[in-house]
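Student: I should like to learn how the features of a protein model are read. Could we work through one example together?

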Amino acid sequence: MREIAEKFLESSVKNAVVTVPAYFNDSQRKATKDAGAIAGLNVMRIINEPTAAALAYGLQKRANNVEKRNVFIFDLGGGTFDVSLLTLKDDSFEVKATSGDTHLGGEDFDNRMVKHLVKEFERKNKVDISGNPKALRRLRTASEKAKRTLSFDMEAIIDIDAIYQGIDFCLSVTRAKFEQLNMDLFEKCLETVKSCFSDAKMDKSSIDDVVLVGGSSRIPKVQQLLQEFFEGKDLYSSINPDEAVAYGAAVQAALLSEDVKNVPNLVLQDVTPLSLGTAVVGDVMSVVIPRNTSIPVKKTQNYLTVKDNQSRVAIKVYEGERMIASENNLLG
């Protein structure tokens with residue numbers, strides 16, 4: 001990425017703003033920052049992808065001088081899924097709640113399609129290709145292509161020459177079949193949307209715009225389910241789903257750079273995606289800062305010692321939503 005940027009700009013690139021899925025934990029964020037350092041970049045800031053998309057949206061709306069708006073960002077990418085609820089007023093961006101799944105995205109839809117194709121191949125030719133990596137790789141490429149086709153067409157033809165032992169494979173997949181294969185995953189997306197509203201203590205009727213981000217948000221069924229959830233509300237489509245996050249990251253980079261002029265003085269207030277707490281007796285997680293608390297934040301909680309005359313206490317800080325402390329992510 002750095003080399004591509006340097007080629008395009010015809011100058012060296014040293015600093016970067018990197019975006020991560022909103023639901024990434026601390027170690028995943030640190031690993032991303034380390035990857036930037038290995039690539040020779042100074043990572044100035046890591047921001048959440050839905051927040052970056054909101055920056056892109058907000059800058060576009062700012063040009064139209066729009067008053068206070070409640071915006072819902074739905075970010076369904078290749079491997080991760082995030083949703084965020086924000087309130088935009090003047091130059092202030094306040095994240096009300098965020099939720100997501102770091103293991104749900106376009107790849108999962110591809111996997112379902114690949115499984116279906118393997119079954120169809122076995123049914124037609126009485127040959128099982130599930131253990132052949134080369135055949136599976138070709139099926140995966142064809143599945144991804146078919147998935148993209150089904151976003152604007154009702155049917156996709158999968159045609160692969162000599163996929164295994166010289167056997168050709170040709171199959172027609174309808175949009176309805178693709179939706180049937182992935183329906184539980186689409187519904188899982190909706191559960192995350194509902195959880196975000198419940199955390200924000202807001203009603204879906206108060207949302208002014210629903211912004212779609214990420215390639216997989218183009219899937220018609222996903223859009224249909226979202227529209228039904230928001231009771232027929234039109235989805236905001238004036239922003240490119242593939243570029244919105246990068247655009248927002250560029251805005252954040254401009255805000256952090258002293259040499260860039262004509263940058264609006266935007267104020268960004270994010271939240272903690274996961275609860276923070278400590279382990280108490282019996283390996284129980286005692287939450288000090290609940291998830292979706294606006295940051296920066298400082299909270300105090302009183303604890304008692306377990307034994308009389310106890311002189312020291314080991315304080316282990318965890319992040320996560322599990323009741324058992326050790327099942328959460330240990331920060332230190």
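Tutor: The dialogue below goes through the overall fold, the strands, the empty spaces, the salt bridges and a surface patch.

Student: What kind of model is this, and how are its residues numbered?

Tutor: This is a predicted model, in which local features need pLDDT of at least 70 and side-chain atom pairs count only at pLDDT 80 or more, while totals for chains, interfaces and linings use all residues. Residues are numbered from 1 along each chain as its sequence is written, and side-chain values use heavy atoms, with hydrogens and water left out.

Student: How many helices and strands does the chain have, and what does it span along its principal axes?

Tutor: Helices (H or I, at least four residues) and strands (E, at least two) are DSSP runs, numbered from the N terminus. Here the chain has eight helices and 13 strands. Its C-alpha trace spans about 75 × 55 × 50 Å along the principal axes. Of the 332 residues in the chain, 44% are buried; buried means under 20% relative accessible area, exposed over 50%, and partly exposed in between (1.4 Å probe, protein chains only).

Student: How should I read strand β4, and which strands pair with it?

Tutor: Two strands pair if DSSP finds at least two bridges between them. Strand β3 (residues 69–76) pairs with β4 in the antiparallel sense over eight bridges, with I73 opposite S84 of β4. A hairpin of four residues connects β3 to β4. On to strand β5 (residues 92–101): β4 pairs with β5 over nine bridges, also in the antiparallel sense, and L88 has F93 of β5 as its bridge partner. The hairpin between β4 and β5 has two residues between the strands, and D90 in the turn has a positive phi of about 55°.

Student: Why is β4 described as largely enclosed?

Tutor: In β4 (residues 81–89), eight of the nine residues are buried, so the strand is largely enclosed by the rest of the structure.

Student: What is the strand order in the open sheet of four strands, and which strands stand at its edges?

Tutor: The order is β11-β10-β12-β13, with antiparallel pairing. The edges are held by β11 and β13 (329–330); each has a single partner strand, so one side of each is left without a neighbour in the sheet. The pairing of β12 with β13 runs over two bridges, and E319 has N329 of β13 as its bridge partner.

Student: How is empty space found, and what lies in the largest pocket?

Tutor: Rolling a probe the size of a water molecule over the atoms shows where empty space is left. On a 1 Å grid over the protein atoms alone, a cavity is a set of points where a 1.4 Å probe fits but cannot get out; a pocket is an open set with protein on both sides within 12 Å along at least five of seven lines, and lining residues have an atom within 4 Å of a point. Grid points are joined across faces, edges and corners, and a volume is the space filled by probe spheres set on the points. The largest pocket holds about 1,100 Å³ of space. It is lined by 31 residues, of which M1, A16, V17, A246 and A249 are the closest to its centre. At least two lining residues come from each of α1 (2–9), β1 (15–20) and α8 (244–256).

Student: How many cavities of 30 Å³ or more are there, and which residues line the largest cavity?

Tutor: A search of the whole structure finds one cavity of 30 Å³ or more. The largest cavity has about 40 Å³ of space, and its lining consists of F74, F186, C189, L190, V222, L225 and L226. Helices α6 (175–200) and α7 (220–229) each supply at least two of the lining residues.

Student: What counts as a salt bridge, and how many are there?

Tutor: A salt bridge is a side-chain nitrogen of Lys or Arg within 4 Å of a carboxyl oxygen of Asp or Glu. The structure holds 15. One of them joins D26 to K30, with the closest N and O atoms 3.2 Å apart; both residues lie in helix α2 (residues 26–38), four residues apart, about one turn of the helix.

Student: Which parts of the chain does the pair E321 and R291 link?

Tutor: E321 and R291 form a salt bridge with the closest N and O atoms 3.2 Å apart. This pair links distant parts of the chain, 30 residues apart: E321 is in the loop between β12 and β13, and R291 is in the loop between β11 and β12. E321 is partly exposed, with a relative accessible area of 36%, and R291 is partly exposed at 29%. Salt bridges that share partners join D199, R291 and E321 into one network.

Student: Which residues make the nonpolar surface patch, and is I315 buried or exposed?

Tutor: Patches are made of residues with over 30% relative accessible area and no salt bridge; like charges are joined within 9 Å, and nonpolar side chains (Val, Leu, Ile, Met, Phe, Trp, Tyr) within 5 Å. Accessible areas come from the Shrake-Rupley method with a 1.4 Å probe, and for residues only the protein chains shown count as cover. Here V313, I315, V317 and L331 make a nonpolar patch of about 340 Å². I315 lies in the loop between β11 (284–289) and β12 (317–319), and counts as exposed at 62% relative accessibility.
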